[in-house]
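Me: Please take a close look at the aromatic side chains of this structure and at the cores around them. I would like one connected account, with the cut-offs behind each term.

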Amino acid sequence: MKATQASSTAQVVAASLLWLAHSHHGQALLPPDPANWCSHMLSTTATSRLLRRSAQWPVTRWLWKALEQATLPGIIEHYARRKLRIEHHCRAALARGAKQVVVLGAGLDTLALRLAPEFPDVQWYELDHPATQSAKRAAISGHACPNNLQFVPLDLNLTGLPNIPARPPLAGHPCVYVAEAVLMYLRPAQVNALVQGLFASSPSVSNTLIATYMHQGSRGHGAFTPSSKLVDAWLQVRKEPFDWSIEDKHIASWTAQCGAQLIAHEKAPFEKPPGRGLQGENLFVAISATPQPLPIQAN
């Protein structure tokens, strides 16, 4: 992405959810609030406003469907199903006692905005590129932003994860990290260092990572199935290519190497019959592995 403007991908995802919210079959995949927040966030530039209008106007909505069919059929529904599963796992982690949620590369996502008021005793953080975060904060200014949500500007391509400033009563409590459509844009060494750092940051508690990844196909890199050369070219032009991917069969061993235990692994199209949805971007949930006791040395 460019350093002076919000992520193009983030804007397209927000507009796609808005498009889905205005379709009869899509309403069942979305709670009502995302449409309201997405509408607010697509209001700061001429490009974002054009995306918002085209996603809502009956005259232009058919263009969205035609473009989707010509590139990645099912990608709009994929966004919604992916977010539903992430929210499900986030709520499960909160039920296990997590008191902090950190959304990495939050983009224009609405998870923290929607759930923070519902969980006032949980501290929420959004970490994202300064350009995208600035555009998001400008778009939602004047609307009710939860008091327990903090925005932390961070470019993951330039630096590692900083220490999250937890309130004193929350220090030492488990944390949930959400990395939706983030890891695939980082280099392999960055992904390993980041994930290892998340689980090593609080060795005395059990942290949770909910993340998506691109499955590494036969060509040795991540791609959707069916693939789209047009989308690959667009990501390259926008400087948002898929840099990291991993084969499905290696997820468990990789998370173990990062100091975690895999507790859930879900493949797209997420609760939809295989072959009837877009595939390639999957989801996993890992928790801090219980340290193994050192063997007793005989005298």
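Reply: What follows goes through the aromatic pairs, then their burial, and then the nonpolar cores. This is a predicted model, in which local features need pLDDT of at least 70 and side-chain atom pairs count only at pLDDT 80 or more, while totals for chains, interfaces and linings use all residues. Residues are numbered from 1 along each chain as its sequence is written, and side-chain values use heavy atoms, with hydrogens and water left out.

Across the whole structure, a search finds 5 aromatic pairs, where rings of Phe, Tyr and Trp (for Trp, its six-membered ring) pair if their centres lie within 6.5 Å, and planes under 30 degrees apart count as stacked, over 60 as edge-to-face and the rest as tilted. One of these pairs joins Tyr213 and Phe284, whose ring centres are 6.2 Å apart with planes at 50°, so this pair is tilted. Because Tyr213 belongs to strand β5 (residues 208–214) and Phe284 to strand β7 (residues 281–288), the pair ties together parts that are 71 residues apart in sequence; helices (H or I, at least four residues) and strands (E, at least two) are DSSP runs, numbered from the N terminus.

Phe284 also pairs with Trp254, with ring centres 5.9 Å apart and planes at 90°, so that pair is edge-to-face. Since Trp254 sits in helix α10 (residues 251–257) and Phe284 in strand β7, the pair ties together parts that are 30 residues apart in sequence. Tyr213, Trp244, Trp254 and Phe284 form one aromatic cluster.

As for burial, Tyr213 and Phe284 are both buried, a word that means under 20% relative accessible area, as against over 50% for exposed and in between for partly exposed (1.4 Å probe, protein chains only). Phe284 has a relative accessible area of 0%, and Trp254 counts as buried at 8% relative accessibility.

Turning to the cores, each is a set of buried Ala, Val, Leu, Ile, Met, Phe, Trp, Tyr and Cys residues joined through side-chain atoms within 4.5 Å. The largest nonpolar core has 57 residues, of which Val101, Trp124 and Val178 touch the most other members, and its largest share, 9 residues, comes from α1. Apart from that core lies another, of 29 residues, and Trp244 of the aromatic cluster is among its members, together with residues including Val102, Val195 and Ala260. In soluble globular proteins, nonpolar side chains tend to be buried together.
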